[in-house]
Amino acid sequence: MPFPFKEVCVLLERLEHVELHEKLLSSEKPERYKDLVGRWFASHRRQINDLDIESSCGLLSTLLPHWRTDRVYGLQADRLCRTLGRALGFSIARKKLLAAYNEPGAGDLAKCFERVHAEGGPPAIPALIVDDVDLMLQSLAGHSVFSDPTVPRLPPGSSETRDKLLSNVFNRASPVEGKWLIRLILKDFRPLQCDDNMFLKAFHFLLPDLLRFQCDFAAAMTLLKTALHKYPDTPDRRSEALHRNSIADAQILRPVVGTKISRPHFHKGRSIDSCMRMMGSKPWVLERKYDGEYCEIHIDLRRSPNPLHCIKIFSKSGKDSTRDRRGVHDTLVQSLRLGKPDCRFKKHAILLAELVVFSDQEDRILPFEEIRKHVLRSGVSIGADQDSLPKAHEHLAIVFFDLLLLDEEITMNKSIDERRIWLRETCKKIHGRAMGADWTKIDFAQPERAKELLLQHFSMANAKRSEGVVLKPCCVPYFSIEVNPASYGHSYIKLKKDYIAGAGDEEDFAVIGASYNAQQAATAGGKAFIKWTTFHLGCLLNKEEVHMYGARPKFMYVGSIEQERCIPQAILETANILGNIRAIVPGSANQAADIEIERPSAIKMSVLFKRPLVFEVLGSGYEKPSNCDYLMLRHPRVKKLHEDRDWMDCVTFQELQQKGKASRAAPSDSESQEMQRWMDKLERSCKKKIEKESLSRSSRSTVSPASRTIGKPETSVLDTPTLRTSFLNTGTSSAIMSSSARRRSEPDQASLSGEAQAELAAEVESSAFVAFERDY
């Protein structure tokens, strides 16, 4: 029986109501979400179980649109707004109301559509079902060249075909259904933010585990409808463990060549000590993190007698990028000895590797941005407009670091030590073409010696200008259905210099302008009115002239920072307040007199600041941004807003380039001396952290109970944006953010109570004042 799309919207509406209108603590929301999702699935269980594989995939794709990385629609908010206005025949007045999402406070495009669509008549019949919506999305993806090759391509034509498709579906949608249809196309349900596993586990308790082994809705649903059909959907916790054990014993779950495998869970090491606490007392492998593109390589020798036709490569997102990475195909054939008698496998294999660019002339791996000169995206060159042409001595190379399947041997069930042995026998090293990842094994049963080795190897990685290191537990399989994949003993730890307070690259930048994004504003939170969500950074080009002659300042635009996970809430609110008194309209007479900005035409700013704000920005090294010929901090995020510093004191464009080149260049003396400098820097960081914790403990012990109650909490001085920002600009925040989890001497997480484990996990995760970064 078809599943009504209306019922999906009922669930999403209830969840959105919790997010926007129910006054719950952040710790209470997950339980509320879990209750709503569980009750919705229970009430529709019979209908869901009656769905076939295709319809089940459609329902999952509707609830989790961002999982469908194979589908690219080519319709962002602005283009979708114009397309819907044309396809639905809106009048000029209704088109204007639809475009109101560009104004702060009007809501996102979906909310504006809901208001506009409510003014029309009742929806056409028949009512929408999930299959109709999924077919529309699949057809939209067929119009884009960036969709996965497995998505059926539609013949090229005008926009009339797409307009007719959208009109057919949206005219049958109610205003609420239309709102969620737009968010489906944008793959963005904000302000609703729910854990994916909540939906997956409510659908079937095994679904999250199946998607780890075979990251594809169709493959997972096929298993549930066939080999695993006898298992209940939502058993009790004790039965759940028994079912998992029986599945593990029967070895039902296994990787399939041609279907992508998920990656392990990663934790972020915020310091050497936090890594020590997470790793416990067992041996771990420390592996150098290469600054390239993740590749999952599937080889199926049964497909063709030509070895080149047996290769399939998945990107990190899960997209089939085999054609785009054809520059490394010959290297794979030679390294794996495909088609030769000494090839180590007869049928198939799955390997993990990092794609990099190697220079024969310099005999080293080149920076990350060099890849875009050698790799296309769905046959299109992206971001390389300002790059030089590839040189004859530069070429793609592959760095192998794991082996998951070799013929009938499921090596992913073995420990990393064994997988390394199998990998070494399977791949032949070719200098500058096919390499193995550098790694070493550290036994953390001896904590002092282990800490010293970890410090040395991490310092050496920084001295070699690597991205960082990855720590992987020994004696455990790549995946196991019997354990929690996020537990410290069964997941990986990333350690990068910008994760550690004081070790990353930091600069003060002038904030020259700002703009608004409705989707980001929906998740901004806080009590203040958010007028701008994206802030644009610039560097002064004529500092001497401005300083000596009072010339009009001329800035070079160097990058933008969006609020989501890159700007702390307090700083976002304060920047909006301070920006109001400095804002001028681009192109106005005031701008011509006050400020001059060089920026690409694609960068749109809602306002410029005649007196720029000052952001202290943290980054992970330097890179050349897409379509740019200058260096800028990589993955920038705001650390502080300085009201006591003038924009004249910010880094100039010339200084930024000099620091970027120095950061990327080889050490001026030797790698050993650079390594020693990094060790000294990290040790100072550890000592400083200990001193702050000691000061925090002593200050808490000397404060009397009476003194703690002085002042009214609701009128705290920290509630005012200016004073709150001043507070952020001091070192006090780090001490206040310290928790008892920092001072635990017992490194084994399993020995901690449930409450203590949660406290330790919170400690390891990002501090709201120090680390705001995407999961790169």
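This is a selection-by-selection tour of a predicted model, covering helix packing, unusual backbone geometry and internal cavities.

**Stop 1: α1 against α10**

Select residues 5-21, helix α1, together with residues 175-186, helix α10. The two axes lie 10 Å apart, at an angle of about 80°. Angles from 65 to 115 degrees count as roughly perpendicular, so α1 and α10 fall in that class. To see the contact, show side chains for F5, K6, C9, L12, E13 and E16 on α1, and for V176, E177, K179, W180, L181, R183 and L184 on α10. By residue type this contact holds 7 nonpolar and 6 charged residues, with no polar ones.

**Stop 2: α7 against α10**

Keep α10 on display and add residues 109-118, which form helix α7. Here the axes come within 8 Å and cross at roughly 150°. The cut-off for roughly antiparallel is over 145 degrees, and α7 and α10 are therefore roughly antiparallel to each other. Their crossing is right-handed. On the α7 side, pick L109, A110, K111, F113, E114, H117 and A118; on the α10 side, pick P175, V176, G178, K179, I182 and R183. These residues divide into 7 nonpolar, 2 polar and 4 charged.

V176, K179 and R183 deserve labels: they are among the α10 residues in the contact with α1, and they are also listed for the contact with α7.

**Stop 3: a cis proline after α7**

Move along the chain into the loop between α7 and α8, where P126 is placed. Select I125 and P126 and check the peptide bond that links them: it is cis, with omega near 0°. As background, most peptide bonds are trans.

**Stop 4: α8 against α9**

Next select residues 130-142 (α8) and residues 159-170 (α9). What is the angle at which the axes of α8 and α9 cross? It is roughly 165°, and the axes come within 11 Å. That value makes the pair roughly antiparallel, because it is over the cut-off. Unlike the right-handed crossing of α7 and α10, the crossing of α8 and α9 is left-handed. From α8, show M136, S139 and L140; they meet R162, L165, L166 and V169 of α9. The contact comprises 5 nonpolar residues, 1 polar and 1 charged.

**Stop 5: a cis proline after α10**

Go to the loop between α10 and α11 (196-203), and find P191 there. The bond joining R190 and P191 is a cis peptide bond, with omega about 15°.

**Stop 6: C475**

Jump to the loop between β10 and β11 (492-495) and select C475. Its phi is positive, about 65°, although C475 is not a glycine. For context, most residues other than glycine have a negative phi.

**Stop 7: the largest cavity**

Stay in this part of the chain and turn to the cavities. How many cavities of 30 Å³ or more are there? The count is 2, and the largest has a volume of about 50 Å³. Select I416, R419, K472, P473, V476, P477, Y478, H490 and Y492 to see the lining of the largest cavity. Among the elements involved, α17 (416-426) and β10 (468-473) each supply at least two of these residues. Colouring the lining by type gives 6 nonpolar, 1 polar and 2 charged residues. The tour ends here.

Key. Residues are numbered from 1 along each chain as its sequence is written. This is a predicted model: local features need pLDDT of at least 70, side-chain atom pairs count only at pLDDT 80 or more; totals for chains, interfaces and linings use all residues. Side-chain values use heavy atoms; hydrogens and water are left out. On a 1 Å grid over the protein atoms alone, a cavity is a set of points where a 1.4 Å probe fits but cannot get out, and a pocket is an open set with protein on both sides within 12 Å along at least five of seven lines; lining residues have an atom within 4 Å of a point. Grid points are joined across faces, edges and corners, and a volume is the space filled by probe spheres set on the points. Helices (H or I, at least four residues) and strands (E, at least two) are DSSP runs, numbered from the N terminus. Ala, Val, Leu, Ile, Met, Phe, Trp, Tyr, Cys and Pro count as nonpolar, Asp, Glu, Lys and Arg as charged, and the others, Gly among them, as polar. Axes are lines fitted to C-alpha atoms, for helices over the stretch in contact, and angles run from 0 to 180 degrees between N-to-C directions. Angles under 35 degrees count as roughly parallel, over 145 as roughly antiparallel, 65 to 115 as roughly perpendicular and the rest as oblique. A crossing is left-handed if the near helix is turned anticlockwise from the far one by less than a right angle, and right-handed if clockwise. Contact means heavy atoms within 4.5 Å.
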